[in-house]
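Biologist: I'm new to this one. Could you walk me through it and tell me how you justify the labels?

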Amino acid sequence: MNDTQMNSLTHPKHGDKTNSPWFEEFLVKLLEDRDRIGLTDMIREVDAMMITVEPGCSVAYVSELALMTPYHYLVTLESATHWTHVLRISMNSPDILVREVRNPELRGIFRSLNEVYPIGAHKPNSRYMGEVLRVTNLHAVVELQKAREMRFFNQEQIRKLELPGNIAIVKPSPYTHNIVGYLERPAEDIRVYALGNSVIRDDVNRGYLEAKETQAQLGLDTLIQPIDHLATRVFSQNREVAILEYLSLSSYYYWGSYDIANQNSSTNVTKSVHYEEESVSPAKVFTAANHPYFINHLIGLPSPTENFVRNYGPRLHHIALAVADGEVSGQANIDYVVDAIKSRGKDFLLDVIRSREEGLKQIFSSASEHSSLIIEYVQRFGDFDGFFAKQNVADLTHAAGLEENLCLLQAESAS
Ligand SMILES: [Fe+2]
């Protein structure tokens, strides 16, 4: 024990959702233990996020991200059965690794996670896989996590999966189906992924450069900022365990939960103990229904969150990007950004919601045809420090549910 030991329990709790006594008891015990054994200190920021898409989709998806986000195409890691495109903003924000399976017949654990869900099965290779966290001592972190019952892919499995050989990867969570990886890197070193041959793909680069030119012409390059939060949806009964499991795997703390009673849902926020800026390490948000699906007919409420999880499986629902506070010609930046992106043919699920007076404005894009992921934009005004506003979350949850119904109908009519 020393004077510099982290304390993950000093943050004030926000929100109005009541947790079980079990959650409150083990939240304290888990974080105290994590701090005491040094894991909180050794596990740092999100270094990368991994997304896999259908064969033939990664070029278009990189272009889409180049237009809608601040990410730049860096390099492609070419291996026997995958292409892995590395996207980067800077070393102050996490990378995105976009993986494309080269052979549509290739089967694997990430594909299997999609195949038992009716909409997920239609794009079996499309899913957000999880985050890579930077650690200061990989061996120590892995040994401590194994002693806490965390299960890792072995080296042979990582090689077969064609994931970077210098990352230790925890097997998919039974609650979120996401993985967590650990990459050892001193803060001042550049990120390196030990996988395949590094090439610049002409087709990816061409699409990237065109999208960036459009982004600059529209004036979006200075307005769209790094990732603010990542939102995962889980089954109702897994809300508390998904949060506690993520806190066990990361150095995040529990920020608090909003009860969105009229959408039969709650939104639960965790954040990094090390970095206040979400641009360095995004907040991780978990959304779960308040009641399982078979109770709906008794309580008569919509259930967009549980519907999503039943249709796609537990998984990441959206990636939220911050929009710079300010305005363009009298229009809030977020409204300007959304109008500009709509002019390039991208759809949004609803209008920009809430107002400057309420502190923040948010919107959801339609789900990407390439990754099935939604992009959220969020602009916080002035000194608003609430992170979320309850009514925004309710409106967004509702809007996402409407898209959900459409997708299910389309999937059913196609099958
Ligand atoms: Fe969100």
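Modeller: Sure, starting with a term: donors are N, O and S atoms within 2.8 Å of the metal (3.2 Å for Na, K and Ca), and since water is not among the atoms, sites may look incomplete. This is a predicted model, where local features need pLDDT of at least 70, side-chain atom pairs count only at pLDDT 80 or more, and totals for chains, interfaces and linings use all residues. Residues are numbered from 1 along each chain as its sequence is written, and side-chain values use heavy atoms, leaving out hydrogens and water.

Biologist: What makes H229, H318 and E376 donors of the iron ion?

Modeller: H229 (NE2), H318 (NE2) and E376 (OE) lie 2.0 to 2.1 Å from the iron ion, and the cut-off is 2.8 Å, so they count as donors. Along the chain their spacing reads H-x88-H-x57-E. H229 sits in strand 10 (residues 224-234) and E376 in strand 18 (residues 374-380), 147 residues apart. Strands here are DSSP runs (E, at least two residues), helices likewise (H or I, at least four), numbered from the N terminus.

Biologist: Why is the contact of R148 and D33 called a salt bridge?

Modeller: The term needs a side-chain nitrogen of Lys or Arg within 4 Å of a carboxyl oxygen of Asp or Glu. R148 and D33 come to 2.9 Å, N to O, so the pair passes. R148 lies in the loop between helix 5 (138-147) and helix 6 (155-161) and D33 in helix 1, so the bridge ties together parts 115 residues apart in sequence.

Biologist: How do you know whether R148 is buried or exposed?

Modeller: Buried means under 20% relative accessible area, exposed over 50%, partly exposed in between (1.4 Å probe, protein chains only). R148 has 17%, so R148 is buried, while D33, at 23%, is partly exposed.
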